[in-house]
Amino acid sequence: MSTENEGTAVPPAPSAPPVPVDAPAASAHQASDAGASTPPAPPHASDGAQGPELVHAGPAPAYASAQGQQPGAPGGPEGAWPPPQPPGTPSYADGGAGAGGAGAGGAGPTGVWGAGYQQPAPKPKNGRGGLVAAILVAALVAGGLGGGLGYTLAKNNDNGSSTTLSASDSGGSVRRDAGTVAGVAQRALPSTVTIEAESTNGEGGTGTGFVFDTQGHIVTNNHVVADAVDGGKLTATFPNGKKYDAEVVGHAQGYDVAVIKLKNAPSDLNPLTLGNSDQVAVGDSTIAIGAPFGLSNTVTTGIISAKNRPVASSDGSGSNASYMSALQTDASINPGNSGGPLLDAQGNVIGINSAIQSTSGGGLGGTSQSGSIGLGFAIPINQAKYVAQQLIKTGKPVYAKIGASVSLEDSTGGAKITTEGAGGSAPVESGGPAAKAGLKPGDVITKLDDHVIDSGPTLIGEIWTHKPGDKVQITYERDGKTHTVDLTLGSRTGDS
């Protein structure tokens, strides 16, 4: 599914894919401290948090949600994430605007992700073809309201002269085992909904969501419901045709996760079973459910193509961005799939479909939506579950942070701590996790635990797979020497 975000700029992507865990960190050019800072996690505790953006499977072309949906950028104080994108910055895959970067730390006083952000200067084209490796910029896959998808049913005009053969059993009498795709679909479809979000000015789009609990909470993508956050209209329709008004309980822009609640929810809701995304393996079967291009209750299948894929998605406007260490799947995902469940072969939710890679003009900054090319990205359910629980409990997201600004420039050498934070703030937050661990401007982080870090965006995605208070091991380079230090992640509450 594509994760194009209308008009949102995405930070430059690294030039090479993440190095395998057991492989040495790449030594290609290190990111300059051109000002990209580790996007502060949404305001944990008292610091502001910022977040990168992905093209979601929702409203905007980059997302897997409804076409034309433009999530509103949360207003924030100076240094809030993400900053506006300078004009002319090339998009990751298709020449659109680059997405604003978010810092992994929490440096700036008001940085959304706990660190300041500086937009790297655009680089001249060097003739490289294909996808920019390491960080994939996905398009948000959302379907637009008002632009119906027409179809024609052909009439069989044979005047009764054709000879037809009938099977002994109709499809309805065939037994379908629980472990088959049909069996999984029969159980999961009744617990999925098609979401329509409309802003006060009539703009909006469609996406998907799934039942999270018996109280009527539905989990989806932030970019799916963004238009309805400030006084807009939100509805959820089940496969049986029953439609309910809903309200936004909480949304996390950086994580691209949102929770809505049905008004007058029915008493017979069946929440989908949540799996363990940490145990997913490459090659495992996947089943995706959504409303591609408005075609509700569509089921597609595929496999897990890769894990821990660093993805930055945006709505193309430079105002919204999110980063994730995604599950990659080749299951067909298209605009309208955003927010829908990615299931395993047993029907357990292992991810939330959010973005797709696009090759056409429907990509970042494009004016039209494109379809699946077999590169879809889902937020791991272990992360999404934690975020959803926080949103239900407090209405605000909580982000982990290291408290340092890192460069978001194209790099394969690691995440370099910049020499200047956002708005002239310190690149390493005084008293923050990075400062306590002894990290300094100019240090290049190459590993977080056993995960190779090849760029700032990759670091951000990895940090956000953890919770505040988690202890991690940071490997970094300083003056040509490699050092390792333990660090306890800090927190930031909120998106502004």
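# A guided tour of a predicted chain

Before selecting anything, note that buried residues make up 56% of the 496 residues in the chain, where buried means under 20% relative accessible area, exposed means over 50%, and partly exposed lies in between, with a 1.4 Å probe and protein chains only. The model is predicted, so local features are given only at pLDDT of at least 70 and side-chain atom pairs only at pLDDT 80 or more, while totals for chains, interfaces and linings use all residues. Residues are numbered from 1 along each chain as its sequence is written, and side-chain values use heavy atoms, with hydrogens and water left out.

**The whole chain**

Show the chain as a cartoon, and you will have 5 helices and 22 strands in view; these are DSSP runs numbered from the N terminus, with helices being H or I runs of at least four residues and strands E runs of at least two. Among contacts between residues at least 6 apart in sequence, 78% join residues at least 24 apart, a contact being heavy atoms within 4.5 Å. If you switch on the surface, the chain exposes about 18,500 Å², of which carbon and sulfur atoms supply 48%; such areas come from the Shrake-Rupley method with a 1.4 Å probe, and for residues only the protein chains shown count as cover.

**The cores**

Next select Leu459 and Ile474, which touch the most other members among the 57 residues of the largest nonpolar core. A nonpolar core is a set of buried Ala, Val, Leu, Ile, Met, Phe, Trp, Tyr and Cys residues joined through side-chain atoms within 4.5 Å. Helix α3, residues 381–394, gives the most to this core, with 6 residues. A second, separate core has 17 residues, and to find it you can select Ile218, Ala236, Ile260 and Leu269, which are among its members.

**Helix α3**

Stay with α3 and color its buried residues, which are Ile381, Gln383, Ala384, Tyr386, Val387, Ala388, Gln390 and Leu391. When you look along a helix, remember that an α-helix has 3.6 residues a turn, so residues three or four places apart point the same way. How far apart are the end C-alpha atoms of α3? They are 20 Å apart, which agrees with the 20 Å that its 14 residues should span at 1.5 Å a residue, the expected span being 1.5 Å times one less than the number of residues. Just after the helix, select Gly395, whose phi is positive, near 85°.

**Strand β12 and its partner**

Now select strand β12, residues 321–329, where 9 of the 9 residues are buried, so the strand is largely enclosed by the rest of the structure. Ala321, Tyr323, Ser325, Leu327 and Thr329 point one way from β12, whereas Ser322, Met324, Ala326 and Gln328 point the other way. Add strand β15, residues 376–380, which pairs with β12 in the antiparallel sense over 3 bridges; two strands count as paired if DSSP finds at least two bridges between them. To see one of these positions, select Gln328 together with Phe377, its bridge partner in β15.

**Salt bridges**

How many salt bridges are there to visit? The count comes to 3, where a salt bridge is a side-chain nitrogen of Lys or Arg within 4 Å of a carboxyl oxygen of Asp or Glu.

- Select Glu196 and Lys243, whose side chains meet at 4.0 Å, N to O. The pair links distant parts of the chain, with Glu196 in strand β4 (residues 192–198) and Lys243 in strand β8 (residues 243–252), 47 residues apart.
- Select Glu429 and Lys401, whose closest N and O atoms are 3.1 Å apart. Glu429 lies in the loop between β17 and α4 and Lys401 in strand β16, so the pair ties together parts that are 28 residues apart in sequence. Glu429 is buried, with a relative accessible area of 18%, and Lys401 is also buried, at 3%.
- Select Asp443 and Arg478, which meet at 2.8 Å, N to O. Asp443 is in the loop between α4 and β18, and Arg478 is in strand β20, 35 residues apart. Asp443 is buried at 1% relative accessibility, whereas Arg478 is partly exposed at 22%.

**Two loop residues**

Finish with Asn297, in the loop between β10 and β11, which has a positive phi of about 60° although it is not a glycine. Then select Asp479, in the loop between β20 and β21, whose phi is near 55°, again a positive value in a residue other than glycine. Buried, partly exposed or exposed: which word fits Asp479? Asp479 is exposed, with a relative accessible area of 75%, while Asn297 is partly exposed at 29%.
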